[in-house]
Structures are given as C-alpha cells and as structure tokens.
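Okay, thanks everyone for making time. I'd like to walk you through a structure I've been looking at, so have a look at the screen.

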Amino acid sequence: MNKYFLGFLFLILTLTASSLKAQEQQTLTLEESIEISKQNSPLARAANFALISAKWRYKSFRADLLPSLDLDGDIPGYSRAITSNRLDDGSTIYQEESQSQSSVNLSINQNIMPTGGRLSLSSGINRLILFDRGVDGENVYFWQSTPLVASYIQPLFQYNGLKWRNKTEPLRYQIAQKQYVEDMEDLAFNTTQSFFDFLLAKINVEVAEFNVTVNDSIYNISKGRYQVGNIAENDLLQSELALRNAETSLTTARLNFQRAEENFKALLGIPDATEVDVIAPEEAPELNIEVDRALQLARENNSTSLEFELNEIQANQAYDQARKEAGFSATLQASYGLNQTSQDFDQLYNDPQNRQFFTVGFQIPIFNWGKNTAEIQAARNQQAATANTIAYQKLQFDLNVRSTVREFSQLREQVELAQVSDEIADRRYNVAQNRYLIGKIDVTNLFIAQNEKDSARRSYIQALRNYWTGYFNLRRLTLYDFENNQPITADVD
C-alpha cells in the first residue's frame, strides 16, 4: 500500500510541476505581443497617467469658468497695548487697551470670460470686543454686518488671459487625447521592433546550432578524406576553421538572444521567470493605401496638426499680451450693498444702510526707454517666425507621410521576394550538402551555399520586420486601422 501511495503522490507532483511550468511558458504572436504590451508595459501606464493628468488640467480650467463659493475670515485675534488719546481740552492721556476682533465672509465669485471681469456676491459679519471698557468694567461688544454686497471689477484695455485660455486649453486636451493614441501606436511600433529583434536572435541561435552540428560532421568527414588523400590539407584546415567560427558565432548568438529576450520581456512587462517564445507572422497582408487618402487622414487625426494650430494661437496670444501691457490700461471697480452696526447682535440686521463704492484706476506708460516698443516688436517678429516655422513643418509632415506610404507599398513585394529567396537558398544548400557528401563539390562551395542560406533566412525575417514596422509607423502617423478600415481611438477612465 505504501508503494502505491508513494507512486500516486509522485504522479501528482509530476503533473503539478508540469502544469506550473506550462503556466510559466508563453508562445506569442506579433498581435498577442502588442496586446500584452498595451496592457502591461510601463510605457502604456505612463501614457495612461499622462492622459489622466491632462484630463484633470482641463477640468481645472473648466472650473475657472463656473461660479466659486468661498469662505474666508479671521479667527479671534487678541491685542493689548498702551495707546495715547487726545482729550477734548487738548491734553493727552495714556491708557491701556485690550481688544479682540474676528470676522467671517461668504462669497460667490464668477469670472466673466468675454470681458475679463469678475462679479462677486458676498455676505459677512465682524465682531469687535473691547475688554473692561464698560461702565462697570464689563466687556463692550460691537458688531458689523454686510448682509449683501454686489461687486464688479472690469479691466479696460487689458490682456484677457481667460479668453485666450478658452482657446488653448480645449485644444491642449484634444492634443493629449490624440497623443495617447499615438503613444499606444508608438508602443506597438516599438513592440514590433523588439519582437523581430527577439525573433531574429532566436533564428540566429538556431542557425548557429545547426551550423555547429553540420560543420562538426563536415570536419570529421574532411579528416577521413584527408587521411586517405582525397583532399588537401588546406581543405581540412578550412573545414576546421569553419567549425571554430561556427562555435564562436553560437556563443555570440546566445548572448544576443539573452539580451533581446530581456528587452522584449521588459517592454511587455513580462516577469523574468516566465519563458517566452515568439512565432513569425505567417503572411504580410496586402493593403492598397492611396497617398492622398493617407495624407488626409494624417492631417485630420494626427496631433501634429493640432500642435501647429496651438503654436499659432500661442504666438498670437503673446503678441496680444505684449501690445495690451504696453498701452493705456484702466480698471473699473464698483460695489453696492447693505451694512449695519450694533452693540446688540439681535439688532444687527435691522434697518441696514446702503453701501456704495465706485472707482476707476488707470495706468499710462509715459517713458521707459523703449521697453514697451521692444516687447511689442519682439512678439510681432516671433509671431512671424512661428508662422513660417509652422508652414515649413507642415510641408515636412506631408512629405514624411507621402514617403512612408510609398515605401510601404513596396515592402510586401520585398517580403514575397525574400521568402522565395529563402526557399531557393535552402534547397540549394541541401543539394550542395548532398553533392559534397558524394564528393562532387569541394568544401568551399558548400560553405558558400551555407552562408547564402543563412543570409537568405535573415533577409526574409528582416523583410517581415520592415513590413510590420512600416505598417505600424503608418498607423501612428494616420491614427487609422487600414486592415479594419476604421479610426484608431482609445478610452480612458
């Protein structure tokens, strides 16, 4: 019974270990790698937090356009001092004063975006206590109330920053939304590059291992032929050198594979303990993309177009600010409300009196050694410089899109040619190997066929890499999914 139990326990442990090992192994396609990177990569999380930050900044601006409710005041303060008082007969006496004062004020404030003004409605109360000032030495209380005060401040001929922010902040948020999608496509592009780096490193290891095995056999065959006098010593040394070079290449390939695997896992956010393998895409989809359509999509969807617009608005904003701050400016302030004072709190709000306030302040620059003129001229020329820079950047952007589309249209054909070359080189090597074994060709021709086979295989993987990186580069420029014919969007909570 103990033997059966131990055998059953061993079987359970073996199955459990196999299951855990299977869970720690992943074989990924290109599409799966991109999806994992968008979910787990630190770069994806960074892009997500950047968009959320932009969202909250935009909400902060929107709050500036809405009424705000504020409560301010002073907690009871205490002061004690000896002060001088002049009496009616002209004499001066010194007496000690102790008092406490506190206040509280509740206000509703609203920015007026079109004019740059500010409207406020407030209500408050103040209390003053004079200690030991009563007839019998008791404390004396004074109350002051402002049941309602309406105030308005209006800058005249001044720079209206809120009005300009109303143009720039929504645009900034739109740019942030598009940049998030572009960041995701950048991540897909980088994942594609890392995927094929890993795949090529894996193939280099496989090729190097195969070459070591084959060259070892060739070297042993060459030794036998040399001993019977069928080949010269030069051919024997050449086969031995090829074996040693193959062993060196295998060591280098394994180091490169380890580095590529670590970079791939880090980009996708995969733990180091997890074993990962990748599978080459089976085909390159045939996509017919017109240059003019891709250019139109890029202009509509890419954040670069919005950044051009934002830069132009900011240049105009800087010029308007310099011009307004250099000229005549004034500020109109007016308020109307009710107030009352009383020593009895119960009578504080009885028969409140009118309270009015009106003033106009102004500022006129007279002479400042040409500073204002210099500021205006600097802003005006910067405005012109920005306009010309934007015009050139738009041209470069259009050229980049056109060039990308034209290059991509050739990449699929290159994949097909590279695949055919890979198959031909592989068959040629098999033929050359068989001919060498029967002594029809020398070792030099065999090694030439072997190098061409290895080169053709790497060229095919490189062609696949160029195709898919070109495709994702085109996606991030246009923010358009050409396989499914729909714009690329992303939602963030």
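I'll start with confidence, then go through some strands, a long stretch of helix and one glutamate.

So, up front: this is a predicted model. The chain has a mean pLDDT of 85, with 91% of its residues at 70 or more. Where is confidence lowest, and where is it highest? The low end is helix 1, residues 2-23, with a mean of 46. The high end is helix 3, residues 42-64, at 93.

Let's stay with that low end for a second. Residues 3-11 have pLDDT below 50, and beyond near neighbours in sequence they make zero contacts in the model. Residues 15-23 look much like that: pLDDT stays under 50, and there are zero contacts beyond four places in sequence. As a general point, low pLDDT means the predicted coordinates shouldn't be read in detail. Please keep that in mind when you look at that part of the picture.

Right, on to the strands. Strand 2 covers residues 68-86 and strand 3 covers residues 92-112; they run antiparallel and pair over 17 bridges. If you want to find your way along that pairing, Ala-81 sits opposite Glu-97 of strand 3, and Asp-72 faces Asn-105, also in strand 3. How many residues lie between strand 2 and strand 3? Five, and the two strands form a hairpin, with Gly-90 in the turn at a positive phi of about 95 degrees.

Strand 3 then pairs on with strand 4, residues 117-130, again in the antiparallel sense, over 14 bridges. Here Ser-103 stands across from Asn-126 in strand 4. This one is a hairpin too, with four residues between the strands, and Gly-116 in its turn has a positive phi of about 80 degrees.

Now for the helices. Helix 9, residues 443-478, has 36 residues. From first C-alpha to last it reaches 52 Å, close to the 52 Å expected at 1.5 Å a residue. Just after helix 9 comes Leu-479, with a positive phi of about 50 degrees.

Last stop: Glu-261, which lies in helix 5, residues 233-268. Is Glu-261 buried or exposed? Its relative accessible area is 17%, and the cut-off for buried is under 20%, so Glu-261 counts as buried. And what is Glu-261 in contact with, leaving aside neighbours within four places in sequence? Phe-198 and Val-276.

That's my tour, thanks for listening.

Conventions:
Residues are numbered from 1 along each chain as its sequence is written. This is a predicted model: local features need pLDDT of at least 70, side-chain atom pairs count only at pLDDT 80 or more; totals for chains, interfaces and linings use all residues. Side-chain values use heavy atoms; hydrogens and water are left out. pLDDT is the predictor's confidence in each residue, from 0 to 100. Contact means heavy atoms within 4.5 Å. The expected span of a helix is 1.5 Å times one less than its number of residues. Two strands pair if DSSP finds at least two bridges between them. Buried means under 20% relative accessible area, exposed over 50%, partly exposed in between (1.4 Å probe, protein chains only).
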